[in-house]
Amino acid sequence: MVLSTTFLESESSIRSTFGSRYAVTSLPRFKISENSIPKEAAYQIIKDELMLDGNPRLNLASFVTTWMEPECDKLIMDSINKNYVDMDEYPVTTELQNRCVNIIANMFNAPLEEGETAVGVGTVGSSEAIMLAGLAFKRNWQNKMKALGKPHDKPNIVTGANVQVCWEKFARYFEVELKEVKLRDGYYVMDPEKAAEMVDENTICVAAILGSTLNGEFEDVKRLNDLLVKKNAETGWETPIHVDAASGGFIAPFLYPELEWDFRLPLVKSINVSGHKYGLVYAGIGWVIWRNKVDLPEELIFHINYLGSDQPTFTLNFSKGSSQVIAQYYQLIRLGYEGYKNIMENCQENAMVLKKGLEKTGKFDIISKDIGVPLVAFSLKDNSLHNEFEVSDMLRRYGWIVPAYTMPPDAQHITVLRVVIREDFSRTLAERLVTNIEQVLEELDTLPSKVTQKLTTEENVDNGKLVKKTALEVQREITTAWKKLVADKKKTKGVC
């Protein structure tokens with residue numbers, strides 16, 4: 001009797017992944033490997049490396065959604081292979097996007113007539129949305145200046161120094177001068193009076209922030225609108241407003257419905273909002289809404305037909321997934337006004353729990369405001385021995401990711417810790433975080449200062465004489481030294 005054996009391509013299919021050669025073989029990191037490996041091994045290798053990432057739920061630095069309901073997760077996976085740009089092939093997905101645009105436009109009080117369709121588009125986030133809005137403002141300004149026979153080569157935009165980096169990217173990429181209103185101690189958002197003073201004939205728009213990244217505070221869009229209405233009447237200019245509501249756009253309508261910041265103000269011509277922040281969708285979705293069709297120049301809209309029919313497109317990219325659009329529509333119909341309001345109220349209440357817990361320690365000054373994005377920004381009352389960067393660093397031992405950062409000019413000597421309260425951050429977690437912060441403070445009290453002691457004992461030399469440094473000089477040097485220390489820790493070799 002002859003026994004025959006069928007030899008499989010690799011015996012690894014019957015072995016444990018950790019019992020195979022792939023557990024002891026180093027794979028190339030920057031070049032494609034010569035041979036294939038089993039799917040189980042590829043999965044396990046990547047999964048093991050990803051274990052070293054932080055826990056998204058404990059990442060309190062981010063505004064981005066980290067939890068959705070299982071039903072929505074399933075919808076996302078069901079549509080993961082749909083390319084949103086193929087509108088003719090996926091007409092229902094296109095319809096869902098249009099519904100989202102109209103729902104959000106109505107939420108922002110767009111002046112739509114009965115049956116009128118809102119003007120807007122889904123983007124991969126607020127950064128793209130801001131680029132598109134900025135391009136519309138720039139083109140409208142250029143067209144106006146050309147019609148008046150005036151120079152149109154030096155556009156500028158007025159913002160606060162607290163704007164997110166995407167505004168700096170827009171200014172640099174599209175050659176627009178960025179005129180920033182500096183901050184000051186105790187006032188960490190754009191001053192509308194100073195912003196209005198900086199406006200000139202070449203200003204394409206003033207950007208107001210509904211929910212500063214630094215401390216969650218809402219800027220006074222109503223005051224800015226009133227000042228610009230007056231200045232426009234005096235000068236004959238038509239300087240408009242864009243509202244960057246990346247964080248606050250899904251908060252204000254539910255917590256502060258009487259607050260006038262949106263299209264109720266006549267000079268607000270466009271608004272962006274991040275669906276992946278308090279719109280409660282995973283990363284990858286933003287929205288930009290225009291007041292009227294005239295605010296989005298037709299010449300910026302491209303029409304293509306090689307996918308099956310005429311399709312208008314106004315985006316910086318082309319292909320993108322449909323999943324996040326579908327997820328946004330799920331949240332809008334699943335939660336409705338009632339659901340969003342309940343979630344935002346819970347976030348705000350948990351922010352207050354954290355704030356009171358921090359105040360009870362007696363060690364912190366609270367920088368954030370009660371009205372705004374549900375977050376808590378705080379700084380040490382006494383950082384002569386240990387500072388906020390050390391607190392941030394030591395909290396990582398408990399799994400928490402709490403950022404420490406310096407304020408922009410002219411408040412760069414102020415260092416702040418910030419905790420963003422998202423939907424999945426419960427009261428239990430808030431209380432646990434306070435406990436861990438107290439433990440960190442107790443441990444720091446037993447440790448010698450790493451940087452401060454040297455700096456506080458040094459003195460400046462002025463004309464051969466020793467001059468004792470002021471407290472502000474010492475604080476600025478401490479902040480600079482710690483920023484360098486943190487930056488050095490983050491340096492990596494090779495491609496990042």
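This passage looks at how aromatic rings pair up in the model, and at where charged side chains sit over them. The model is a predicted one, and searching the whole of it turns up 9 aromatic pairs.

Take Phe218 and Tyr256 to begin with. Their ring centres are 5.9 Å apart and the planes meet at 90°, so this pair counts as edge-to-face. Phe218 sits in the loop that runs between strand S4 (203–209) and helix H7 (221–235), while Tyr256 belongs to the loop between helix H8 (252–255) and strand S6 (268–274), so the contact ties together parts of the chain that are 38 residues apart in sequence. Both Phe218 and Tyr256 are buried.

Phe364 and Phe378 make another such pair. Here the centres lie 5.0 Å apart with the planes at 85°; that angle is over 60 degrees, so the geometry is again edge-to-face. This pair bridges two strands: Phe364 comes from S10 (residues 364–366) and Phe378 from S11 (residues 375–380), so parts 14 residues apart in sequence are tied together. Phe364 is buried, and Phe378 is buried too.

Ring pairs also build up into a group: Phe250, Phe254, Tyr337 and Tyr340 are linked by them into a cluster.

Charged side chains join in as well. Arg184 lies over the face of Tyr187, with 4.5 Å to the ring centre. In the case of Lys277, the charged end sits over the ring of Phe63, 5.4 Å from the centre of that ring.

Notes: Residues are numbered from 1 along each chain as its sequence is written. This is a predicted model: local features need pLDDT of at least 70, side-chain atom pairs count only at pLDDT 80 or more; totals for chains, interfaces and linings use all residues. Side-chain values use heavy atoms; hydrogens and water are left out. Rings of Phe, Tyr and Trp (its six-membered ring) pair if their centres lie within 6.5 Å; planes under 30 degrees apart count as stacked, over 60 as edge-to-face and the rest as tilted. Helices (H or I, at least four residues) and strands (E, at least two) are DSSP runs, numbered from the N terminus. Buried means under 20% relative accessible area, exposed over 50%, partly exposed in between (1.4 Å probe, protein chains only). A charge sits over a ring if NZ of Lys or CZ of Arg is within 6 Å of the ring centre and within 35 degrees of the ring normal.
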